[in-house]
Amino acid sequence: MEQKNDVILSVKNLNVKFNLRGKVLHAIRGVTMDVHRGESLAIVGESGSGKSVLNKNFIGLLDPNGFISEGEIMYYGMENGEPQLLSGYKKDREWLKIRGKEVSMIMQDPMTSLNPLKTIGRQIGEAVEKHQGFKGARLKEEVLQILRDVGIEDPERRYKQYPHEFSGGMRQRVVIAIAVACRPKILICDEPTTALDVTIQAQILKLLKELKERLNLTIIFITHDLGVVANIADRVAVMYAGDIIEIGMVREVFYNPQHPYTWALLSSLPQLGIKGEDLYAIQGTPPNLFKEVVGDAFAPRNPQALAIDFVEQPPYFDVSPTHRARTWLLDPRAPKVEPPACLKKIQPSL
């Protein structure tokens with residue numbers, strides 16, 4: 001796979017399956033995408049769409065019963081310039097040169113990400129010592145500086161405390177501190193604001209923006225909150241049933257969405273509701289990925305579905321050089337179908 005100039009991570013036709021009780025679950029179905037250096041890429045979709053499973057392949061955290069059945073993941077961020085075929089890694093020792101130092105991840109729940117029996121200073125220090133080799137006073141000073149970097153006041157006192165002595169927002173800052181301690185090039189954020197209230201969520205998003213600029217990070221942000229996407233992302237990829245069905249710059253996907261599933265997601269925004277009427281909800285349920293998906297996976301839930309949607313999976317159609325969608329509605333032969341009228345209410349300030 002050839003590298004494009006600014007691509008740091010490239011995924012080509014990735015298929016991931018899981019063995020479950022004698023059956024095979026096809027969780028990721030032919031995902032192809034590039035991640036560009038220094039960008040913030042948001043991946044959105046319903047729960048179970050494959051967002052977290054996709055990203056676990058970038059850091060070697062796929063569950064033992066999962067495996068890549070087809071496709072490639074190439075990483076181009078190594079200092080020696082050598083591309084790494086991540087999809088070819090089979091052993092944990094191979095991932096040690098990538099995990100933490102090159103690609104790091106912030107998990108959803110900060111409380112379960114931290115060891116309640118170890119001080120905060122020790123937990124951050126373990127990552128620094130392993131990847132940077134600092135010890136003693138030099139190690140402690142580096143940890144204190146990281147605590148300052150993530151906005152934790154009185155780091156000398158906090159260094160000696162345990163996770164239960166921190167609030168939810170402060171624990172999340174500690175988890176972020178551990179993730180950036182080794183100065184990774186890619187930071188994967190798996191819904192890091194889900195368990196936080198709106199005020200703290202805004203603070204964490206602001207912190208991530210600041211760290212991105214200060215440390216020259218590339219961020220992959222997994223979320224189901226479209227408000228978060230508008231706040232932090234440069235590009236957005238919409239996932240459904242284990243595949244990316246639309247990807248583009250945030251303004252393109254928000255103001256000119258092309259896939260009916262993207263229309264449905266945006267129509268579900270509470271601010272598009274009408275007083276006195278029920279909020280919009282997507283009818284039906286996602287497909288059973290234990291079975292082969294025929295045609296467009298969203299077709300059974302799509303009121304505007306065409307006959308071909310139930311027969312053949314659509315290819316990607318280019319909307320612009322930076323925007324593409326996998327829907328037959330973009331085929332020149334397709335009838336003209338207008339997006340829901342409520343989407344016209346989405347304002348540039350969103």
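I took partly exposed to mean a relative accessible area between the limits for buried, under 20%, and exposed, over 50%. On that scale I entered Arg-138 of this predicted model as partly exposed, since its relative accessible area is 45%.

Salt bridges. I found that the structure holds 18 of them, and I began with Arg-138, whose side chain meets that of Glu-142 with an N to O distance of 3.5 Å. The two residues are four apart in helix H5 (residues 136-149), and are therefore separated by about one helical turn. Glu-142, at 12% relative accessibility, I entered as buried. Following this pair outward, I noted a network of salt bridges that links Arg-138, Glu-142, Asp-149, Arg-183 and Arg-214.

In helix H8 (residues 198-215) I looked up Glu-210 and Lys-206, again four residues apart, or about one turn of the helix, and their side chains meet in a salt bridge at 2.7 Å, N to O. Here Glu-210 is partly exposed at 33%, whereas Lys-206 counts as exposed at 52%. I also recorded a salt bridge between Lys-212 and Glu-213, with the closest N and O atoms 3.5 Å apart; Lys-212 is buried at 12%, while Glu-213 is exposed at 61%.

Cysteines. My disulfide count came to zero, and for Cys-182 the reason is distance, because the closest cysteine sulfur, in Cys-189, is 15 Å away, too far for a bond. I noted Cys-182 as buried at 8% and Cys-189 as buried at 0%.

Surface. I listed a nonpolar patch of Ile-308, Phe-310 and Val-311, with about 280 Å² of accessible area together. Ile-308 sits in the loop between helix H11 (260-267) and strand E11 (317-320), and it counts as partly exposed at 31%.

Definitions and conventions. Residues numbered from 1 in each chain as written. Predicted model: local features only at pLDDT ≥ 70, side-chain atom pairs only at ≥ 80, totals over all residues. Heavy atoms only, no water. Patch = residues over 30% accessible without salt bridge, like charges linked within 9 Å, V, L, I, M, F, W, Y side chains within 5 Å. Areas by Shrake-Rupley, 256 points an atom, 1.4 Å probe, with all protein chains shown as cover. Salt bridge = Lys/Arg side-chain N within 4 Å of Asp/Glu carboxyl O. Buried < 20%, exposed > 50% of the residue type's maximum accessible area, 1.4 Å probe, protein only. Disulfide = S-S within 2.5 Å.
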